[in-house]
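Colleague: I'd like to go through this one with you and hear the reasoning behind each label. Can you put it up?

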Amino acid sequence: MRFHTFTIVLGLAVALLLFAQRRQQPQVDAQFRTVMDLTAPTSGSHTELTRIHAPANYVRGTWTVDQIPAPRLVGSLVVLDVRDHARRNAGYEVSPYDVSDWERIHGPVPPGSIVVARTIDTHRGNLYATFSADTIQFLVEARNVIALGSDSPEISRHAEADAYAAAHGLYALTNIAGLSTAPEAGGAAIVAPPRRAGATEAEARVLALVR
């Protein structure tokens, strides 16, 4: 009940903030027309739930789930569709070239973005696409993103890259659902985890605001 209430309150707060921003900036005519739920439905399987992995999950002494600053739980939504690569190579790693392809169409990844990889509709056992270490470094240093996400159960297979991202304040989101209808660009993401003191990871609700 507390988690459900927190999600509703966070959603209302963001809606009010966006409304206030539109009133203060009348030149911006784009509006969010709907809200999408990118949370995997509860299935009883711990590994299939949408989860947030705090920086403390990778580096001791960094933020736990409850310590992640609220402004970092809201950001521009960037969806990298790498399904074609993943179908040919189940162990594919999202590369800087995939980011470059996205930017060629949509422009530079905005600072403060939550970058999500759409890898494939059905994963084959333990084989699924993840982010490469080079891509993580590029998104951290050159694009100043705040989080990485994926529809797979893991962000990367590189412990050093995970630690590097965590040391720069990034958290990870896994098993995100609903990316087939999520916009590749122009949307915003809201992450609503429970404020469980000291937790390094937790189930989370992920919502997308669509223009």
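Colleague: Which residue in β7 does A117 stand opposite?

Modeller: A117 stands opposite S150 in β7. Strand β5 (residues 113-118) runs parallel to β7, and the two pair over 4 bridges. Strands here are DSSP runs of E with at least two residues, helices are runs of H or I with at least four, and both are numbered from the N terminus.

Colleague: What makes β5 and β7 count as paired?

Modeller: Two strands pair if DSSP finds at least two bridges between them, and β5 and β7 have 4. With β8 (residues 171-174), β7 makes 3 bridges, also in the parallel sense. L148 has A172 as its bridge partner in β8.

Colleague: Before we go on, what sort of model is this?

Modeller: It's a predicted model: local features need pLDDT of at least 70, side-chain atom pairs count only at pLDDT 80 or more, and totals for chains, interfaces and linings use all residues. Residues are numbered from 1 along each chain as its sequence is written, and side-chain values use heavy atoms, with hydrogens and water left out.

Colleague: How do you know that both faces of β7 are covered?

Modeller: A147 and G149 on one side are buried, and so are L148 and S150 on the other. Buried means under 20% relative accessible area, exposed means over 50%, and partly exposed is in between (1.4 Å probe, protein chains only). In a regular strand the side chains alternate between the two faces of the sheet.

Colleague: Where does β7 sit in the sheet?

Modeller: The order is β1-β11-β9-β3-β5-β7-β8-β2-β10, an open sheet of 9 strands with mixed pairing. β1 and β10 (201-203) are at the edges because each has a single partner strand, so one side of each has no neighbour in the sheet. On average, neighbouring strands are turned by 25° against each other, direction ignored; the axes are lines fitted to C-alpha atoms, for helices over the stretch in contact, and angles run from 0 to 180 degrees between N-to-C directions.

Colleague: Which strands pair in the antiparallel sense?

Modeller: β3 (residues 74-81) and β9 (residues 187-192) do, over 4 bridges. G75 has A189 as its bridge partner in β9.

Colleague: Now T50: why is this residue called buried?

Modeller: Its relative accessibility is 1%, and the limit for buried is under 20%, so T50 counts as buried. T50 lies in the loop between β1 (34-37) and β2 (51-53). Beyond its neighbours within four places in sequence, T50 is in contact (heavy atoms within 4.5 Å) with residues including L38, T174, I176, E203 and V206.

Colleague: What makes the link from T50 to A40 a polar contact?

Modeller: The T50 side chain reaches the backbone nitrogen of A40 at 2.7 Å. The rule asks for a pair of N or O atoms within 3.5 Å; within protein, one must be able to donate a hydrogen and the other to accept it, and residues adjacent in sequence count only if both atoms are side-chain atoms. The T50 side chain also reaches the backbone oxygen of N175, at 2.7 Å.

Colleague: And why is D37 with R205 called a salt bridge?

Modeller: The term needs a side-chain nitrogen of Lys or Arg within 4 Å of a carboxyl oxygen of Asp or Glu. D37 and R205 are at 2.7 Å, N to O, so the pair qualifies. D37 is in strand β1 and R205 in strand β11 (residues 205-210), 168 residues apart. At 36% for D37 and 26% for R205, each counts as partly exposed.

Colleague: How many salt bridges are there by this rule?

Modeller: The count comes to 7. One of them joins D101 and R104 at 2.7 Å, both in helix α3 (residues 96-106) and 3 residues apart, about one turn of the helix. D101, at 37%, is partly exposed, whereas R104, at 60%, is exposed.

Colleague: What about R143 and E103: buried or exposed?

Modeller: Both are buried, and their side chains meet in a salt bridge at 2.6 Å, N to O. R143 lies in the loop between α4 (133-141) and β7 (147-150) and E103 in helix α3, so the pair ties together parts that are 40 residues apart in sequence.
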